[in-house]
Amino acid sequence: MREIRKAAVIGAGVMGAGIAAHIANAGVPVVLLDVSRQIAAEAVEKLLRAEPQALMTPEAARLISTGSIEEDLARISPCDWIVEAIVEKLEIKRSLYARIAAHKHADAIVSSNTSTIPLADLVARSSAAFRRDFLITHFFNPPRYMRLLEIVAGPETSGPAVEMVAKFADVRLGKSIVHCKDRPGFIANRLGCFWMQSAIATAFEQGISVEEADAVMGKPFGIPRTGVFGLLDLVGIDLMPHVNASLARALEKDDLFHSVNVALPFVDGMIAQGLTGRKGKGGFYRINREQGKRKEAIDLVTGEYHAAKSIHVDPQVSLITEDSRLGRYAGAVMLKTLAYAALLVGDAADDIHSIDEAMRLGYNWTWGPFELIDRIGAAKFGTLLNTAGLPAAPILAAAANRGFYRGRSALTLDGIHAAIPRPEGTLLLADIKAAAAPILKNQSATLWNLGDGAACFELNTKLNTLDADAFELLNRSIDHVVKYQRAMVIYSDATNFSAGVNLRALLAPARAGDWKQLEAVVELGQQTFKRLKYAAFPSVAAVAGLAVGGGCELLLHCSAVQAHAECYAGLVETSVGILPAWGGCGELLSRWQASRKLPRGPMPAIMKTFEIISMAMVSKSAVHARALHFLKATDGITMNRARLLADARARALSMVTGYHPPEKTSFTLPGASARAALEIAARSFAKQGKASSHDMMVATALATVLSGGETDITRGTTEATMLALERAGVMKLARTPQTIARIEHMLETAKPLRN
Ligand code: NAI
């Protein structure tokens, strides 16, 4: 199969720049063009400042070269994939395609990022050759973080062209591909806009407040907390009338969409006043800075802002049948939305799982609409639709007594349950769980069999935190793998790899003054991680999301890491007034000592490690984690989250033959002189007001560990000594009221306390 080695993006606005950045994140050079060279160049400047970061490292920007359509269009000729992301105007897009056709190489593929225009219209005037190489690739904003990519192929689009783009987007850009039919709004926005418009129109109709609507449209249905009004504030309220108008124009007269697309004069009035959401002067919510950053909500009758109320609703889908004000609101909106979802089967998509996937990944719903119907009960849902006088799509009858999903199978248009196809090389632990029982299990963790001699250690605690049970099972898992398996992968399907020690396990003994117990927790972690490091089998940490504190120390002790590109690793212990004491100080220091990036001698590595740990630095991507040496140069990076487990498993098995545990780590550290140098550095921070007196105390404890304690450069320092220093440091800090206050604050607010 052909490959994409170089790409072009035309249109350097919000989407075009974001797509170009993400292609660069994948390591592929990209040409970015706009109406003027200046606009394109400024777009890259903006990318470098974007929050959340669009680029995984600033260096990735070097892969983006900019220019203008007028002067530089010839530069697209070596490109294998050309993405069009200019204004949403049919005529302008069409004339651009004619110019692209004159410059692109014969096999280059062109795709449009249009959000509403059907493919048939886009290429109505293009040549047959152009149509063969043309498709729609609909990214979501922001392109780096939103995992959904909707692809639409026309009747003439060549199969290999679709395959080539889909494969690149999947493996290199990490996107989950949903194939859509050439229908207005494709899947996610067609249903998403229906849901938003319905939720808002119904709120006005039933006199439901902004806060009430968002409470109902959030947790009960597994929808993000922003609900519907909060979501509109985020995407821009002014976008809504445009998208709705274009959907209304394009959809047939009998489409259910028209029943929710009613005029909303209140919202039009807000837009006219510049109340367009977070980017404008405020929206349905605003932050009132005069009143100490108070969150306010708009009254949908008077248009006045008031302090936002917190509304509690029972987080159950059964809310839709509840005979209450909010229950009736939930029922009116969600029944209709789910009825519409069912009508899209065979229209916008050929299968239900594409629709579910589009809503999970495009709108961050926990459950797609058909999963929601299964939760309600498909038969009951049918009855509810009848009672409400809503249209029931044919597929609902087939689902009535069997449900939409059965394990990994989904109901098809033919009325049977068929296995959901998955691209080769994707694997979830959920698949393993559906097929077999665990090997070992306790309250906090489980060991699974991945086959071929690979076992998977999975954490099951909240945020995958580590406690005594987790260590107990990790120890038993090590014994098991030594006897019966060949390699271990540490992984879970959860969003985060691990948030580190369960702080409650530290707080209880510290509050009670039970220092023996506290030291036992520290020692258990140290011994278990070193057992893992020196075990006779290879271990691979498959890391995605947060890997902080003890979670980061866990990955530092594995033989290798396979990281998802979105890997946020850091030794953040100082933010709760302690220091890494499960071997993290020594492990990170030894990596920096081996680094060729630093000048020779022990001091530069000590300084660097001190800086990273004392500032609680967390990587903003896997590539950044590599720069901080949380990952080794040889550790792997996987762009697609769904491929992480399979990649880690392959990695672990590839290391089995001839595997030797590492040699014992030893250090040559300067002792007192290094400690003094680190303390001077910390003091200058304190003088600038950047560090408190407790920060100084934590820094001093860290300096003692990293300098090797009572030693000097003529003597070696063992790993055991480093562990003893870490223990002494953490035990000293845990006895201070400031550290206890930091831990309590973190547990209560999930934010660090600066005391
Ligand atoms: P934007 O307004 O941020 O950027 C459009 C870019 O096109 C601008 O940089 C502009 O200079 C350039 N442009 C304007 N007139 C042009 C012309 N005559 N020839 C060439 N370039 C021209 O728009 P945005 O949001 O980036 O949208 C681009 C495309 O992506 C549209 O088709 C839109 O429907 C689609 N889209 C937008 C999403 C969003 O969330 N904003 C999401 C998914 C798709």
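**Helix 8 and its partners**

I began with the handedness of one helix pair: helix 8 and helix 11 cross in the left-handed sense. I note at the outset that this is a predicted model. I then looked up the geometry of that pair, helix 8 spanning residues 188–206 and helix 11 residues 239–250. The two pack at an angle of about 115°, and their axes are 11 Å apart. I listed who makes the contact: Asn189, Cys193, Gln197 and Ile200 come from helix 8, while Met240, Val243, Asn244 and Leu247 come from helix 11. Sorted by class, that contact has five nonpolar residues, three polar and no charged ones.

I next checked helix 8 against helix 15. Their packing angle is about 65°, with 9 Å between the axes. Here the crossing is right-handed. On the helix 8 side I found Ala188, Leu191 and Gly192, which meet Ile355, Ala358 and Met359 of helix 15. This contact has five nonpolar residues, one polar and no charged ones.

**The eight-stranded sheet**

I traced the strand order of the open sheet and got 3-2-1-4-5-6-7-8 for its eight strands, with mixed pairing. At the edges I have strand 3 (64–68) and strand 8 (176–180), each pairing on one side only. The twist from one strand to the next averages 25°.

I picked one pair for a closer look. Strand 5 (residues 109–112) runs parallel to strand 6 (residues 134–139), and three bridges join them. I noted one of these partnerships: Val110 is bridged to Phe134 in strand 6.

I then asked which helices lie on these strands. Helix 1 (residues 14–25) lies across strand 1 (7–10), strand 2 (30–34), strand 3, strand 4 (81–84) and strand 6, and runs at about 170° to strand 2. Helix 15, residues 352–362, also packs on the sheet, where it touches strand 7 (148–153) and strand 8. I read about 130° between the direction of helix 15 and that of strand 8.

**Two buried residues, Gly415 and Asp431**

I located Gly415 in the loop between strand 13 (409–411) and strand 14 (417–419). Its relative accessible area is 14%, so I enter Gly415 as buried. Setting aside residues up to four places away in sequence, Gly415 touches Ala398 and Arg402. I also took a distance from Gly415 to Asp351: they are 64 residues apart along the chain, and 11 Å separates their C-alpha atoms.

Asp431 sits in helix 19 (residues 429–435). I asked whether Asp431 is buried or exposed. With a relative accessible area of 17%, Asp431 is buried. Apart from neighbours within four places in sequence, I find Asp431 in contact with Arg408 and Arg422.

**Helix 20**

I compared the span of helix 20 (residues 468–484) with expectation. Its 17 residues reach 24 Å from first C-alpha to last, close to the 24 Å expected at 1.5 Å a residue. I then listed the buried residues of helix 20: Ala470, Phe471, Leu473, Leu474, Asn475, Ser477, Ile478, His480 and Val481. I looked for what covers them, and the cover includes strand 15 (440–441), strand 16 (445–451), strand 17 (454–459), strand 18 (487–490), helix 22 (515–534) and helix 23 (550–556).

**Ala487**

I turned to strand 18, where Ala487 is found. Ala487 has 0% relative accessibility and therefore counts as buried. Leaving out residues up to four places away in sequence, I find that Ala487 touches Gly453, Ala454, Ala455, Val481, Phe537, Pro538, Ala652 and Val656. Val481 is also among the buried residues of helix 20. As a further distance I took Ala487 to Pro599, which lie 112 residues apart in sequence and 36 Å apart in space, C-alpha to C-alpha.

**Strands 19 and 20**

My last entry concerns strand 20 (residues 560–570), which is mostly covered, 10 of its 11 residues being buried. I looked up how strand 20 pairs with strand 19 (residues 539–548): the sense is parallel, over eight bridges. As one position to inspect, I noted Gly545, which stands opposite Cys567 of strand 20.

Notes
Residues are numbered from 1 along each chain as its sequence is written. This is a predicted model: local features need pLDDT of at least 70, side-chain atom pairs count only at pLDDT 80 or more; totals for chains, interfaces and linings use all residues. Side-chain values use heavy atoms; hydrogens and water are left out. Axes are lines fitted to C-alpha atoms, for helices over the stretch in contact, and angles run from 0 to 180 degrees between N-to-C directions. Helices (H or I, at least four residues) and strands (E, at least two) are DSSP runs, numbered from the N terminus. A crossing is left-handed if the near helix is turned anticlockwise from the far one by less than a right angle, and right-handed if clockwise. Contact means heavy atoms within 4.5 Å. Ala, Val, Leu, Ile, Met, Phe, Trp, Tyr, Cys and Pro count as nonpolar, Asp, Glu, Lys and Arg as charged, and the others, Gly among them, as polar. Two strands pair if DSSP finds at least two bridges between them. The expected span of a helix is 1.5 Å times one less than its number of residues. Buried means under 20% relative accessible area, exposed over 50%, partly exposed in between (1.4 Å probe, protein chains only).
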